[in-house]
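Q: Please take a close look at one helix of this structure and at what surrounds it.

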Amino acid sequence: MIEAELKARVHDPEAVMRRLEERAPARVEVYRDTYYDRPDGSLDAADQELRVRTVHGADETRTLLTYKDATVDEASGSKPEYETEVDDAEAAHAILRGLGHVQAIAFEKRCRNYDFEARGRRMLATLVRVPEIDGTFLELETLTAEDDVAAALDDVRAVLADLGIKPEDLTRETYTSAVAEQRA
């Protein structure tokens with residue numbers, strides 16, 4: 001499946017949060033993301049991502065291993081995504097290191113997630129704050145087949161507009177790049 005996703009800078013987080021809470025209850029979580037690469041940086045060079053994410057929620061902590069292949073839609077940055085839950089976060093990290101991967105960057109995201117249906121699709125909206133980056137971001141995604149990415153992104157854009165997000169608010173800036181720049 002392709003993660004058809006758009007990301008925007010949010011200028012009025014409270015208003016967007018109110019609109020989202022009309023659609024679904026919030027799930028407040030903290031993500032601890034660790035991105036891995038090969039020592040030569042070849043995953044990054046190929047526009048691929050390998051990540052271990054530990055999600056701390058109110059009632060549970062879970063860990064996800066994610067691989068994202070190269071971008072299939074340049075305008076949005078949408079990518080094929082393969083993800084699975086793992087029982088032991090430390091084992092996942094050890095396996096990746098044992099296979100020769102090195103930590104590229106690690107950081108924390110503070111998220112408010114909203115799961116809902118819109119335009120006939122399951123959507124996930126996430127309001128994001130990264131302590132090392134100024135501002136609030138909104139990610140809106142839906143999973144779709146590769147031949148449906150354009151239509152899925154049109155639906156995502158329509159929902160963003162309903163939430164008060166303007167086309168000029170969209171960004172392709174990645175958290176990994178922004179955090180690395182802050183640390184440099």
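A: What follows describes a single helix, its two faces, its ends and the strands that cover it. The model is predicted, and local features need pLDDT of at least 70, side-chain atom pairs count only at pLDDT 80 or more, while totals for chains, interfaces and linings use all residues. Residues are numbered from 1 along each chain as its sequence is written, and side-chain values use heavy atoms, with hydrogens and water left out.

Helix α3 spans residues 89–98, and its buried residues are A89, A92, H93 and L96; helices (H or I, at least four residues) and strands (E, at least two) are DSSP runs numbered from the N terminus, and buried means under 20% relative accessible area, exposed over 50%, partly exposed in between (1.4 Å probe, protein chains only). Viewed down the axis of α3, these buried residues fall within an arc of 95 degrees, so they line one face of the helix, the arc being that of the directions from the helix axis to the C-beta atoms. On the face turned away from the buried side, α3 carries the exposed residues E90, I95 and G98.

At the start of α3, a side-chain oxygen of D88 reaches to within 3.0 Å of the backbone nitrogen of E90, and just after the helix G100 takes a positive phi of about 95 degrees.

The cover over the buried residues of α3 includes β2 (27–37), β3, β4 and β5, where contact means heavy atoms within 4.5 Å. Among these strands, β3 (residues 49–57) and β4 (residues 61–68) run antiparallel and are joined by 8 bridges, whereas β4 pairs with β5 (residues 79–86) in the antiparallel sense over 6 bridges; two strands pair if DSSP finds at least two bridges between them.

Definitions and conventions
Polar contact = N/O pair within 3.5 Å; in protein donor to acceptor, adjacent residues only side chain to side chain.
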